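Dear colleague,

I am passing on the structure we spoke about, and below it I have set out what I found when going through it. Please keep it open beside this message as you read.

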Amino acid sequence: METHKKLVLGIFGFGVVGEGLYKVLNQTPSLNASIKKVGIKNSSKKRNAPTELFTANKEILLNDPEINVIVELIDDADAAFEIVKTAFLNGKSVVSANKKMIAEHLPELLELQQQTGTSFLYEAACCASIPVIRNLEEYYDNDLLHSINAVVNGSTNYILTKMFEEKLSFKNALIQAQQLGFAESNPALDVEGYDALNKWTFLLTHAYGILPKKGEISFTGIQSITSEDALQAAKKDCVIKLVAYAKKLNNGKVAAFVLPQFVKKEDQLAFIKNEYNGVVIESSFADKQFFYGKGAGSLPTASAVLSDISALRYGYKYEYKKLYHHQPNELTNDFYVKTYIGFTDWSHIRKDDFESIEEWHSNEQINYLVGIIHFKKLQESDWWKKNNVSLILTADPIIESLDIVKLKKRSLVLAGFSGGHGLS
């Protein structure tokens, strides 16, 4: 194999990231990569590049024998999958930034890579400028990786930052995020947690060799979080973040979810503000390591695409070591979580789901409780996603055994204190 393979690129999509990549490639002549064609939907639209570069005929890119790399940067997940699949079958390597397409088609994409021997890189699909996928793939051994916690969606993080630092309402913070281009005109994918879920689906494959099935990872977004919830977080010396969370439990299985969480102000994740992303990885010997960078935007995302294109000069491929060369881990829902629930009406809360309710508060401004619930019960019900109920996990939320909780309560009672209110 040539050490410096010449790359001829066919790019699909010339939006924010596509145009960013075009600019970055023009400033990186040492890369030995040239763009031959750019596939677009609307050929009449004015663009900041020579007209002859563009075509609305995708076959021109996919069937050109000179083009050896397809860079896929479009919004439509189904159309993207067809492009990537055809590229593989035509012997072309692929670089993608399409997290929805990867999350929805990962088993098929893995099969196609094995079948065709082609390279498929997608660092830009998660955390933009942060090289998290390659680090998980190359650096962290499956058996030594304790946990990975991350803020992977810049839009929700921007909104939460404004709610905390400028005391904006959720609605006003969202409008500001849209005006600045951090949130889509239809922000549901970001705000309701779908974008973070898609990213977490394939990060779990690189971290733990897990291929999650649809519906296997519980998630919600920040759509129900109120200024009152933010106030309660501040009283607990915390901020609220939408946290993508995975932790290896004592039984060797992995707990994973994407849920809002109270984060202590001294925690690394609390440091991540506005549209930035961050990842905290904890392993046996390295302890905690913190990756931080811009998680959205034209040039930060283009920089990740560029890094993948550069790696293709050396024939780099993800080996999916945790999936193929180790014993893959399994997901579990057999654990408890301690959670804060904000609500407007008691009838919206399924109180019988809780092992114990340790705290509750009710007045004209706010109703909330803090209690312990088995995760399987959360997974099997959706009351916490309705009626503007806000579910926010406490800091360090996982409890593997209730014996520890019961022991603490017993010691409180023996000491003459009330251990809060409990419901069995």
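**A hairpin, a sheet and three loop residues**

Strands β11 and β12 form a hairpin, with 3 residues between them. Please bear in mind from the outset that this is a predicted model. The two strands of the hairpin, β11 (residues 276-283) and β12 (residues 287-294), run antiparallel and are joined by 8 bridges. Within that ladder, Val280 has Phe290 in β12 as its bridge partner.

The open sheet is built from 6 strands with parallel pairing, and their order across the sheet is β3-β2-β1-β4-β5-β6. At its edges are β3 (54-55) and β6 (120-121), each of which pairs on one side only. Inside the sheet, β1 (residues 7-12) and β2 (residues 33-39) pair in the parallel sense over 6 bridges, and in this pair Ile11 stands opposite Val38 of β2.

Helix α1 (residues 16-26) packs on this sheet, where it touches β1, β2 and β4 (69-72), and its direction makes about 155° with that of β2. Helix α11 (residues 298-312) lies across β1, β2, β4, β5 (93-96) and β6, and it runs at about 165° to β5.

How do these two helices meet? In general, two packed helices are described by the angle between their axes and the distance between the axes. For α1 and α11 the angle is about 60° and the axes are 8 Å apart, and the crossing is right-handed. On the α1 side the contact is made by Val16, Val17, Gly20, Leu21, Val24 and Leu25, which meet Ser298, Leu299, Thr301, Ala302, Val305, Leu306 and Ile309 in α11. Sorted by class, that contact has 10 nonpolar residues, 3 polar residues and no charged residues.

I also looked at three residues that sit in loops, beginning with Asn153, which is found between β7 (145-151) and α6 (154-165). Is Asn153 buried or exposed? Its relative accessible area is 4%, and because the cut-off for buried is under 20%, Asn153 counts as buried. A polar atom of the Asn153 side chain lies 3.2 Å from the backbone nitrogen of Ser155. Leaving aside residues up to four places away in sequence, Asn153 touches Asp190, Asp195, Lys199 and Asn277.

The second is Gly193, whose place is in the loop between α8 (188-191) and α9 (194-208). Gly193 is buried, with a relative accessible area of 0%. When residues up to four places away in sequence are not counted, Gly193 touches Ala188, Phe219, Thr220, Gly221 and Leu242. Gly193 and Ile133 are 60 residues apart in sequence, and their C-alpha atoms are 20 Å apart in space.

The third is Asn388, in the loop between α13 (375-380) and β16 (390-399). At 60% relative accessibility, Asn388 counts as exposed, since the cut-off for that class is over 50%. Which residues does Asn388 touch, if those up to four places away in sequence are not counted? They are Ser224 and Gly342. Although Asn388 and Ser224 are 164 residues apart along the chain, their C-alpha atoms are separated by 5.2 Å.

With best wishes

Notes. Residues numbered from 1 in each chain as written. Predicted model: local features only at pLDDT ≥ 70, side-chain atom pairs only at ≥ 80, totals over all residues. Heavy atoms only, no water. Helix = DSSP H or I, 4+ residues; strand = E, 2+ residues; numbered from the N terminus. Buried < 20%, exposed > 50% of the residue type's maximum accessible area, 1.4 Å probe, protein only. Polar contact = N/O pair within 3.5 Å; in protein donor to acceptor, adjacent residues only side chain to side chain. Contact = heavy atoms within 4.5 Å. Pairing = 2+ DSSP bridges. Axes fitted to C-alpha atoms, helices over the stretch in contact; angles between N-to-C directions. Left-handed = near helix turned anticlockwise from the far one by under 90°. Nonpolar A, V, L, I, M, F, W, Y, C, P; charged D, E, K, R; others polar.
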